Number of protein chains: 2
Amino acid sequence: MEDLLYLRVAGHYRRAIRSGVLAPGERLPSVRALMRLHQVSLSTALQACRSLEDEGLLEARPRSGYFVLKPRRVALQAVSEPEPGAAAMAPDPAPYSGIHDRVSDFVAKCERYPVVTNLALAFGAPEAYPQEALKNAALRALRRHPEVLVSPVPPQGDPGFRAVLARRAMAAGMSPTADEILVTHGCTEAINLALRAVAQPGDVIAVESPTYFGLLQVIESLGLRTLEIPTSPSRGMSVEALELAFQTHARIKAVVVVPNFQNPLGCVMPDAEKARLVALCEGHQVALVEDDIYGALSDDDLPLKSCKAWDRSGNVIHCGSLHKTLAPGMRVGWMIGGRWQARIRMLKHAQSRPNDALAQIAIAEFMGSSAYDRHLVRLRRQLKAQRERTAEAIAAHFPAGTRLNMPTGGMLLWVEMPGRRSSSEVFNTALQEGIRVAPGMMFSNAGRFDHCLRISCGAPFSERIETALTRLAQIVAAGLD
Amino acid sequence: MEDLLYLRVAGHYRRAIRSGVLAPGERLPSVRALMRLHQVSLSTALQACRSLEDEGLLEARPRSGYFVLKPRRVALQAVSEPEPGAAAMAPDPAPYSGIHDRVSDFVAKCERYPVVTNLALAFGAPEAYPQEALKNAALRALRRHPEVLVSPVPPQGDPGFRAVLARRAMAAGMSPTADEILVTHGCTEAINLALRAVAQPGDVIAVESPTYFGLLQVIESLGLRTLEIPTSPSRGMSVEALELAFQTHARIKAVVVVPNFQNPLGCVMPDAEKARLVALCEGHQVALVEDDIYGALSDDDLPLKSCKAWDRSGNVIHCGSLHKTLAPGMRVGWMIGGRWQARIRMLKHAQSRPNDALAQIAIAEFMGSSAYDRHLVRLRRQLKAQRERTAEAIAAHFPAGTRLNMPTGGMLLWVEMPGRRSSSEVFNTALQEGIRVAPGMMFSNAGRFDHCLRISCGAPFSERIETALTRLAQIVAAGLD
């Protein structure tokens with residue numbers, strides 16, 4: 001309980017600052033006053049102030065107290081919307097566009113230079129996750145169930161874990177039974193199984209453009225072809241463009257979307273768009289596969305809905321994992337297979353058998369308690385602060401004409417460089433100086449986003465990161481004529 | 001050390017009994033005499049006697065001591081060799097032979113009836129594995145490395161674990177570096193990756209006949225086709241028949257064998273055959289995939305060689321796991337990808353990302369110590385005793401004309417029923433009485449082994465098992481005209 005009190009106190013002053021009730025430069029009540037006013041302990045009052053300081057709302061002045069900061073505005077324009085005609089110009093799907101070569105090249109280069117500042121990882125720093133609590137849950141699981149190490153594993157995943165997942169899915173508007181959930185080796189395996197269940201080699205998969213290169217790799221490795229659908233940095237995949245694609249391409253067997261805090265754009269599809277997308281796919285009997293791994297990371301603590309919430313016919317395959325939200329070191333994912341459930345179960349069995357039980361039992365304990373909610377609240381605050389600091393540094397240092405999205409959750413920023421500066425060049429130069437970013441050319445098979453960079457805000461903002469971003473800005477600027 | 005002493009004492013008397021130096025009915029030296037003769041403690045002397053009793057070599061008579069038992073001979077004929085012409089008669093590969101339907105049907109039926117005696121599992125009972133030691137290793141791993149739960153996973157598997165695997169591989173005649181080993185989700189994922197690396201949908205995979213139905217499922221689920229090669233219950237896959245197949249089938253892209261204690265036949269390929277097989281595949285540039293998960297389970301404690309031991313060109317893909325030998329509840333496998341290593345790494349990354357580190361760290365500690373060797377010695381003794389008891393019960397109760405293989409390791413028996421009795425019928429009737437066996441018709445796509453049963457000896461022999469085998473024998477006999 002104590003743990004949540006500081007959030008309540010911080011929330012009180014956050015609202016006051018945001019609404020202008022407390023103006024920039026004003027002094028917050030003293031810590032003693034806070035203790036008295038909110039009936040909290042010294043440590044709770046301090047924690048509330050520090051969390052607002054971390055968010056960039058307050059600054060501490062030695063021996064004077066906490067003062068409201070001037071809101072730091074990001075002055076950059078939002079990244080470009082796809083061109084109006086883009087939908088009609090969707091290129092023919094290419095059978096093999098060399099994404100593996102591009103990624104292998106990226107990995108090989110990364111291995112060649114020691115990394116000082118890694119801005120390429122799409123998950124939080126280890127300290128952002130509840131290492132101690134997870135360790136203790138795992139220790140308890142081992143002591144209580146030592147037999148799981150030597151006994152056959154339950155066929156679809158640990159029943160207790162699936163029950164917790166079913167309960168948690170309700171927050172995203174879904175209502176699966178535990179039996180409809182299949183535990184997988186991370187979301188990556190879930191996406192593999194989904195695509196294997198609905199498509200055959202040679203078939204076409206419609207994806208967002210830009211999209212996560214890991215998805216392009218899955219599609220390529222399964223012998224499928226990619227069709228990139230124009231995607232708005234504010235509203236997600238264009239449902240109109242998809243409809244047009246359905247009319248012109250016969251072999252589209254699935255659409256894959258990241259509906260919430262898309263990778264790399266960070267956009268959230270509005271609910272109405274999600275509903276339209278679900279209806280469109282259902283009408284065309286094309287499977288809709290959603291990868292909803294960031295949905296719980298919304299700044300305002302309001303859970304975002306999954307596409308699956310609108311699914312009435314089992315046409316949506318929902319995939320999730322805890323890689324971003326809870327435990328990057330435990331590869332635990334799951335899926336709700338809809339009308340392909342039986343085929344997906346069979347494929348999972350043939351591909352890798354059911355998952356080990358231990359990790360599931362440990363996570364079920366943690367996710368079944370309010371500790372998970374408290375962790376998510378902390379993680380969201382932290383990611384928001386880190387995103388804002390990073391965005392400010394980009395705004396301050398990058399050359400004029402740079403554009404930037406400003407997601408309302410997650411950990412990714414998408415930067416559009418001016419003058420169509422090449423991301424490969426920027427990547428190569430930065431890498432040699434120990435700075436790692438994800439170059440835009442990895443996010444499309446059609447070579448569309450070479451003038452963009454994805455910058456991750458998973459690690460606590462620091463002087464080192466600020467220096468790296470300053471240097472990155474110089475590298476970008478140096479290549480402009 | 002104490003732990004191994006009893007094995008030395010037991011070995012001394014086992015040899016004496018086997019060679020006839022100690023005849024049936026003779027009395028073993030008293031426990032006190034054993035203590036004096038071998039300079040061991042009371043508990044070691046007792047442990048030695050009990051382990052010989054478990055093997056069926058001694059019986060304890062109250063207040064008299066231990067007496068040599070009459071050797072119980074299995075009087076059954078060995079199972080049939082493939083017909084001489086079988087190689088030439090190898091059928092055309094079928095694109096889809098319905099193995100999934102057959103397995104689904106098997107699973108659905110199994111779920112319908114409560115199981116009393118399960119003779120269908122191809123791994124040991126939980127008590128055959130070192131639950132406590134594994135639990136403690138996992139507890140230590142968690143305490144020492146709590147960061148693994150929240151940190152990125154190492155790309156090919158935990159380096160310490162791969163180093164231990166590389167060292168242990170030497171016993172099977174291989175000499176991989178740790179870097180050549182890729183950790184996978186069990187051997188099943190390894191086989192999947194191997195076949196995906198070397199073949200495209202529509203290609204043909206040559207397998208043993210009979211073979212493990214799980215392999216047939218993998219092949220079917222990947223859109224590949226199966227070609228069954230006649231396989232001798234004494235010498236494994238017929239290299240002559242395979243050579244003929246290479247001459248007549250153009251699209252064979254891989255050969256999959258279980259060279260040691262094949263599932264279901266239990267046969268071991270003689271070293272000379274392994275060498276010929278490796279050379280033949282290399283000569284035809286067809287990948288040889290070996291699934292060597294039982295090789296460490298040889299009765300005589302002499303490690304068996306893997307086919308990979310003869311590989312000079314990287315044409316052999318070696319796959320292994322700990323599912324049978326150490327921890328059925330921890331799905332940890334590995335592979336040595338040979339000349340396909342880079343492609344396999346890429347496919348593993350795209351299919352499920354690298355494995356979690358925790359289980360690997362825990363297992364590395366156990367496998368790196370002599371505790372693993374001691375465990376294997378115990379497990380082999382136990383499996384041998386269980387196999388012998390089961391074989392005796394089959395010999396005593398099954399109808400005349402029944403044939404049986406007698407493997408020198410592992411945990412599987414293969415029974416050929418007289419009069420071509422249908423395994424599906426026997427399976428169905430037995431199931432309704434709570435007895436589960438694996439029907440022979442699941443071990444071939446070509447419908448060849450419906451008159452066989454696979455009987456697992458993974459659990460300690462008991463009165464319940466004896467009763468189940470007696471009843472099974474009655475069911476078999478009842479269907480004979």
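A polar contact, as the term is used here, is a pair of N or O atoms within 3.5 Å, of which, within protein, one must be able to donate a hydrogen and the other to accept it. By that criterion, and in what is a predicted model, the count between chain B and chain A is 15 residue pairs in polar contact, both residues of a pair being at pLDDT 80 or more. The side of chain B that touches chain A draws on several helices, for α5 (131-144), α7 (186-198), α8 (213-221) and α11 (341-352) of chain B each contribute at least two residues to that side. Of the elements involved, α5(B) gives the most, with 7 residues. Sorted by character, the residues on this side of chain B comprise 25 nonpolar, 13 polar and 8 charged.

The extent of the interface can be described both by residues and by area. Contact between the two chains involves 46 residues of chain B and 46 residues of chain A, and the chains bury about 4,200 Å² between them, with 62% of that area lying on carbon and sulfur atoms. Within the share that belongs to chain B, Leu149(B), Val150(B) and Arg353(B) supply 16% of the area buried against chain A, which is more than any other three residues supply. Although charged residues are present on the side of chain B that touches chain A, the rule finds 0 salt bridges across the interface of chain B and chain A.

Turning from the interface to the fold of a single chain, chain A is divided into domain 1 (2-68), domain 2 (96-129 + 376-478) and domain 3 (131-371), so that, with the bounds taken from an automatic or database domain assignment, domain 2 of chain A is made of two segments. The centres of domain 1 and domain 2 of chain A, taken over C-alpha atoms, are separated by 32 Å, and the contact between these domains takes 9 residues from domain 1 of chain A and 7 residues from domain 2 of chain A. Together domain 1 and domain 2 of chain A bury about 630 Å², of which 45% is on carbon and sulfur atoms.

Across this boundary within chain A, the rule finds 0 salt bridges, and it likewise finds 0 residue pairs in polar contact when both residues are required to be at pLDDT 80 or more. On the side of domain 1 of chain A that touches domain 2 of chain A, the elements giving two or more residues are α1 (2-18) and α3 (42-54) of chain A, and α1(A) gives the most, with 5 residues. The residues of that side divide into 2 nonpolar, 1 polar and 6 charged.

Each chain also has a sheet to follow. In chain A, an open sheet of 4 strands runs in the order β12-β13-β16-β15, with antiparallel pairing, and its edge strands, β12 (403-404) and β15 (438-439) of chain A, each pair on one side only. The strand β12(A) is joined by 2 bridges to β13 (residues 412-416) of chain A, and these two strands run antiparallel; Arg403(A) has Glu416(A), in β13(A), as its bridge partner.

In chain B, 4 strands form an open sheet in the order β12-β13-β16-β15, again with antiparallel pairing. Here β12 (403-404) and β15 (438-439) of chain B stand at the edges with a single partner strand each, so one side of each is left without a neighbour in the sheet. Further in, 5 bridges join β13 (residues 412-416) of chain B to β16 (residues 452-456) of chain B in an antiparallel arrangement, and Leu413(B) stands opposite Ile455(B) in β16(B).

How values were computed: Residues are numbered from 1 along each chain as its sequence is written. Chains are lettered from A and ligands numbered from 1 in the order in which they are written. This is a predicted model: local features need pLDDT of at least 70, side-chain atom pairs count only at pLDDT 80 or more; totals for chains, interfaces and linings use all residues. Side-chain values use heavy atoms; hydrogens and water are left out. Contact means heavy atoms within 4.5 Å. Buried area is the accessible area (1.4 Å probe) that two parts lose on being put together, summed over both. A salt bridge is a side-chain nitrogen of Lys or Arg within 4 Å of a carboxyl oxygen of Asp or Glu. A polar contact is a pair of N or O atoms within 3.5 Å; within protein, one must be able to donate a hydrogen and the other to accept it, and residues adjacent in sequence count only if both atoms are side-chain atoms. Ala, Val, Leu, Ile, Met, Phe, Trp, Tyr, Cys and Pro count as nonpolar, Asp, Glu, Lys and Arg as charged, and the others, Gly among them, as polar. Two strands pair if DSSP finds at least two bridges between them.
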